[in-house]
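Good morning, colleagues. Please take a moment to look at the chain on the screen before I go through its fold and its packing.

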Amino acid sequence: MNIQVELEGSGNKLTGFIRGEIDAHTAPVLREKLELHQNKDGLNAELDLSDVDYMDSTGLGVFVAFYKSVNAKGGHVKLKGLSSRLKRLFDITGLGDIMDIESVGKGGN
(Lines give C-alpha, C1' and ligand atoms only; values in the text may rest on other atoms or scores of the structure.)
Protein backbone atom coordinates (compact mmCIF):
# COMPACT_ATOMS: atom_id res chain seq x y z
CA MET A 1 0.00 0.00 0.00
CA ASN A 2 1.39 3.34 -0.98
CA ILE A 3 0.40 6.90 -1.64
CA GLN A 4 1.97 9.72 -3.58
CA VAL A 5 0.96 13.28 -2.72
CA GLU A 6 2.15 16.19 -4.85
CA LEU A 7 1.01 19.62 -3.70
CA GLU A 8 1.94 22.88 -5.36
CA GLY A 9 0.98 26.15 -3.73
CA SER A 10 1.19 29.66 -5.10
CA GLY A 11 -0.37 32.48 -3.14
CA ASN A 12 -3.85 31.37 -2.14
CA LYS A 13 -4.02 28.63 -4.76
CA LEU A 14 -3.20 25.00 -4.03
CA THR A 15 -3.14 22.31 -6.69
CA GLY A 16 -2.68 18.70 -5.72
CA PHE A 17 -2.30 15.31 -7.35
CA ILE A 18 -2.91 12.25 -5.20
CA ARG A 19 -2.11 8.73 -6.38
CA GLY A 20 -2.39 5.30 -4.83
CA GLU A 21 -4.44 4.11 -1.87
CA ILE A 22 -5.76 6.18 1.01
CA ASP A 23 -6.29 4.05 4.11
CA ALA A 24 -5.32 3.91 7.79
CA HIS A 25 -1.66 3.39 6.86
CA THR A 26 -1.31 6.10 4.22
CA ALA A 27 -3.83 8.74 5.39
CA PRO A 28 -1.39 10.28 7.91
CA VAL A 29 0.97 11.15 5.03
CA LEU A 30 -1.85 12.91 3.17
CA ARG A 31 -3.10 14.65 6.34
CA GLU A 32 0.37 15.95 7.19
CA LYS A 33 0.90 17.44 3.73
CA LEU A 34 -2.55 19.05 3.57
CA GLU A 35 -2.17 20.54 7.06
CA LEU A 36 0.78 22.60 5.82
CA HIS A 37 -1.63 24.58 3.61
CA GLN A 38 -5.02 24.52 5.32
CA ASN A 39 -4.58 27.56 7.55
CA LYS A 40 -4.26 30.11 4.74
CA ASP A 41 -7.11 32.62 4.51
CA GLY A 42 -9.16 32.26 1.33
CA LEU A 43 -7.31 29.19 0.08
CA ASN A 44 -8.58 27.85 -3.24
CA ALA A 45 -7.61 24.17 -3.30
CA GLU A 46 -8.15 21.79 -6.20
CA LEU A 47 -7.15 18.19 -5.58
CA ASP A 48 -7.04 15.61 -8.38
CA LEU A 49 -7.92 12.11 -7.18
CA SER A 50 -8.13 10.49 -10.62
CA ASP A 51 -5.28 8.10 -9.76
CA VAL A 52 -6.60 7.07 -6.35
CA ASP A 53 -7.32 3.35 -6.54
CA TYR A 54 -8.84 2.89 -3.09
CA MET A 55 -10.03 4.98 -0.15
CA ASP A 56 -11.56 3.99 3.17
CA SER A 57 -13.24 6.00 5.93
CA THR A 58 -9.84 7.19 7.20
CA GLY A 59 -9.29 8.94 3.87
CA LEU A 60 -12.75 10.47 4.04
CA GLY A 61 -11.88 11.84 7.46
CA VAL A 62 -8.75 13.53 6.11
CA PHE A 63 -10.70 15.27 3.35
CA VAL A 64 -13.50 16.30 5.74
CA ALA A 65 -11.01 17.84 8.19
CA PHE A 66 -9.23 19.67 5.36
CA TYR A 67 -12.54 20.88 3.92
CA LYS A 68 -13.76 22.18 7.30
CA SER A 69 -10.50 23.98 8.03
CA VAL A 70 -10.29 25.64 4.61
CA ASN A 71 -13.99 26.51 4.59
CA ALA A 72 -13.73 28.11 8.05
CA LYS A 73 -11.10 30.51 6.68
CA GLY A 74 -13.21 31.54 3.68
CA GLY A 75 -11.60 29.13 1.23
CA HIS A 76 -12.84 26.51 -1.19
CA VAL A 77 -11.91 22.87 -1.78
CA LYS A 78 -12.66 21.05 -5.01
CA LEU A 79 -12.03 17.33 -5.42
CA LYS A 80 -11.85 16.29 -9.05
CA GLY A 81 -11.33 13.17 -11.10
CA LEU A 82 -13.10 10.82 -8.69
CA SER A 83 -14.02 7.41 -10.01
CA SER A 84 -17.67 6.43 -9.60
CA ARG A 85 -16.55 4.15 -6.74
CA LEU A 86 -14.95 7.04 -4.82
CA LYS A 87 -17.81 9.42 -5.63
CA ARG A 88 -20.24 6.85 -4.24
CA LEU A 89 -18.28 6.76 -0.98
CA PHE A 90 -18.75 10.52 -0.59
CA ASP A 91 -22.42 10.30 -1.60
CA ILE A 92 -23.26 7.50 0.86
CA THR A 93 -21.97 9.62 3.73
CA GLY A 94 -23.79 12.75 2.54
CA LEU A 95 -20.49 14.53 1.84
CA GLY A 96 -21.20 14.56 -1.89
CA ASP A 97 -23.96 17.09 -1.22
CA ILE A 98 -21.81 19.58 0.69
CA MET A 99 -18.41 19.25 -0.96
CA ASP A 100 -17.46 20.37 -4.48
CA ILE A 101 -16.79 17.05 -6.20
CA GLU A 102 -16.22 16.42 -9.88
CA SER A 103 -16.56 12.77 -10.88
CA VAL A 104 -15.18 11.20 -14.04
CA GLY A 105 -17.59 8.28 -13.86
CA LYS A 106 -15.05 5.47 -14.15
CA GLY A 107 -14.12 2.73 -11.74
CA GLY A 108 -17.17 0.49 -11.29
CA ASN A 109 -19.38 0.14 -8.23
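I shall begin with the overall architecture and then turn to one pair of side chains.

Please bear in mind that this is a predicted model. The chain contains four helices and five strands, and their order along the sequence is β-β-α-β-α-β-α-α-β.

As to dimensions, the C-alpha atoms occupy a box of roughly 35 × 30 × 20 Å along the principal axes. For 109 residues, a compact globule would be expected to have a radius of gyration near 13 Å, and the chain, at 13 Å, agrees with that. Of the contacts between residues at least 6 apart in sequence, 61% connect residues at least 24 apart.

Next, the surface. Buried residues account for 39% of the 109 in the chain. The exposed area comes to about 5,800 Å², with 45% of it supplied by carbon and sulfur atoms. As for charge, there are 13 positive and 16 negative side chains, and the centres of these two sets are 2 Å apart.

Let me now turn to the aromatic side chains. How many aromatic pairs does the structure hold? There is one. Phe63 and Phe90 form this pair in a tilted arrangement, with 6.4 Å from centre to centre and 55° between the planes. Phe63 belongs to helix α2, residues 57-72, and Phe90 to helix α3, residues 84-92, so the pair ties together parts that lie 27 residues apart in sequence.

Are these two rings buried or exposed? Phe63 has a relative accessible area of 1% and is therefore buried; Phe90, at 0%, is likewise counted as buried.

Methods
Residues are numbered from 1 along each chain as its sequence is written. This is a predicted model: local features need pLDDT of at least 70, side-chain atom pairs count only at pLDDT 80 or more; totals for chains, interfaces and linings use all residues. Side-chain values use heavy atoms; hydrogens and water are left out. Helices (H or I, at least four residues) and strands (E, at least two) are DSSP runs, numbered from the N terminus. The radius of gyration is taken over C-alpha atoms; the globule rule is 2.2 Å times the number of residues to the power 0.38. Buried means under 20% relative accessible area, exposed over 50%, partly exposed in between (1.4 Å probe, protein chains only). Contact means heavy atoms within 4.5 Å. Accessible areas come from the Shrake-Rupley method with a 1.4 Å probe; for residues, only the protein chains shown count as cover. Lys and Arg count as positive and Asp and Glu as negative; His and the chain ends are not counted. The place of a charge is taken as NZ of Lys, CZ of Arg, CG of Asp or CD of Glu. Rings of Phe, Tyr and Trp (its six-membered ring) pair if their centres lie within 6.5 Å; planes under 30 degrees apart count as stacked, over 60 as edge-to-face and the rest as tilted.
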